[in-house]
Amino acid sequence: MSYDDDLQSLIASSNGICDSGMIFGKDGSMWCSDEHEYALKITRDEAKRIGRELTNKDFSAMREQGIQVNGTVYLPIGGGNVLITGQKGEEYVYMQATNSAVVIAHTTSTHLPNHKLISEAVGSIAVTLDKLGL
């Protein structure tokens, strides 16, 4: 099953401020197709690492080594047990875990009100997946 429609909803609910995203299993499996026009490229190993850290709620490696997505390392700048934010220059990633998945979004917007839209969009998709038991 593909969650490409959810990825499309993520982009739409952020009013296009989010330029790409992905939904992946905490085991590193991709839930959206890589061919989707808004697919954020992330390797299986990167997804597994993020999934493991979010499952264990142990963010020490993330704080020490950063959040790696498609070879780019983002410095964790905010978050807690729910929404994690990373930054590299003017690029940002937002991610939130569900029971078995991670929703991640990317933007290059530096306008802070836009960041609220993205965090809400990520949260909305994550809550929907949680309600489905995912």
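Strand 4 and strand 5 form a hairpin with two residues between them, where helices (H or I, at least four residues) and strands (E, at least two) are DSSP runs numbered from the N terminus. In the turn of this hairpin, Gly 89 has a positive phi of about 60°. Strand 4 covers residues 83-88 and runs antiparallel to strand 5, with six bridges joining them; two strands are said to pair if DSSP finds at least two bridges between them. Within this pairing, Ile 84 stands opposite Met 95 of strand 5.

The model is a predicted one, in which local features need pLDDT of at least 70 and side-chain atom pairs count only at pLDDT 80 or more, while totals for chains, interfaces and linings use all residues. Residues are numbered from 1 along each chain as its sequence is written, and side-chain values use heavy atoms, with hydrogens and water left out.

The chain contains four helices and six strands. Their order along the sequence is α-β-α-α-β-β-β-β-β-α. The radius of gyration of the chain is 13 Å, which agrees with the value near 14 Å for a compact globule of 134 residues; this radius is taken over C-alpha atoms, and the globule rule is 2.2 Å times the number of residues to the power 0.38. The C-alpha trace spans about 35 × 35 × 25 Å along its principal axes. Of the 134 residues, 46% count as buried (buried means under 20% relative accessible area, exposed over 50%, and partly exposed in between, with a 1.4 Å probe and protein chains only). A contact is defined by heavy atoms within 4.5 Å. Among contacts between residues at least 6 apart in sequence, 45% join residues at least 24 apart.

The chain exposes about 6,600 Å², of which carbon and sulfur atoms supply 49%; accessible areas come from the Shrake-Rupley method with a 1.4 Å probe, and for residues only the protein chains shown count as cover. The chain has 11 positive and 17 negative charges, and the mean positions of the two sets are 7 Å apart. Lys and Arg count as positive and Asp and Glu as negative, without His and the chain ends, and each charge is placed at NZ of Lys, CZ of Arg, CG of Asp or CD of Glu.

Strand 6 (101-107) pairs with two other strands. Six bridges join strand 6 to strand 1 (residues 20-25), and the two run antiparallel; Ile 104 is the bridge partner of Met 22. Strand 5 also pairs with strand 6 in the antiparallel sense, over six bridges, and here Thr 107 is the bridge partner of Tyr 92. Strand 5 and strand 6 form a hairpin with three residues between them. Seven of the seven residues of strand 6 are buried. Its covered faces carry Ala 101, Val 103, Ala 105 and Thr 107 on one side, and Val 102, Ile 104 and His 106 on the other.

Thr 98 lies in the loop between strand 5 (91-97) and strand 6. Its relative accessible area is 4%, so Thr 98 is buried. Apart from neighbours within four places in sequence, Thr 98 is in contact with Lys 26, Ala 126, Leu 129, Asp 130 and Leu 134. Ala 97 belongs to strand 5 and is partly exposed, with a relative accessible area of 23%. With neighbours within four places again left aside, the contacts of Ala 97 are Lys 26, Leu 54, Val 82, Val 102 and Asp 130. The C-alpha atoms of Ala 97 and Asn 15, which are 82 residues apart along the chain, are separated by 22 Å.

Val 122 is part of helix 4 (residues 112-131) and counts as buried, at 0% relative accessibility. Beyond residues up to four places away in sequence, Val 122 touches Leu 10, Leu 83, Tyr 94, Met 95, Gln 96, Val 103 and Ala 105. Val 122 and Thr 72 are 50 residues apart in sequence, and their C-alpha atoms are 20 Å apart in space.

Most residues other than glycine have a negative phi. Lys 57, in the loop between helix 2 (44-56) and helix 3 (60-65), has a positive phi of about 55° although it is not a glycine. Asn 70 also has a positive phi, near 55°. Asn 70 is placed in the loop between strand 2 (67-69) and strand 3 (72-79), and counts as partly exposed at 47% relative accessibility.
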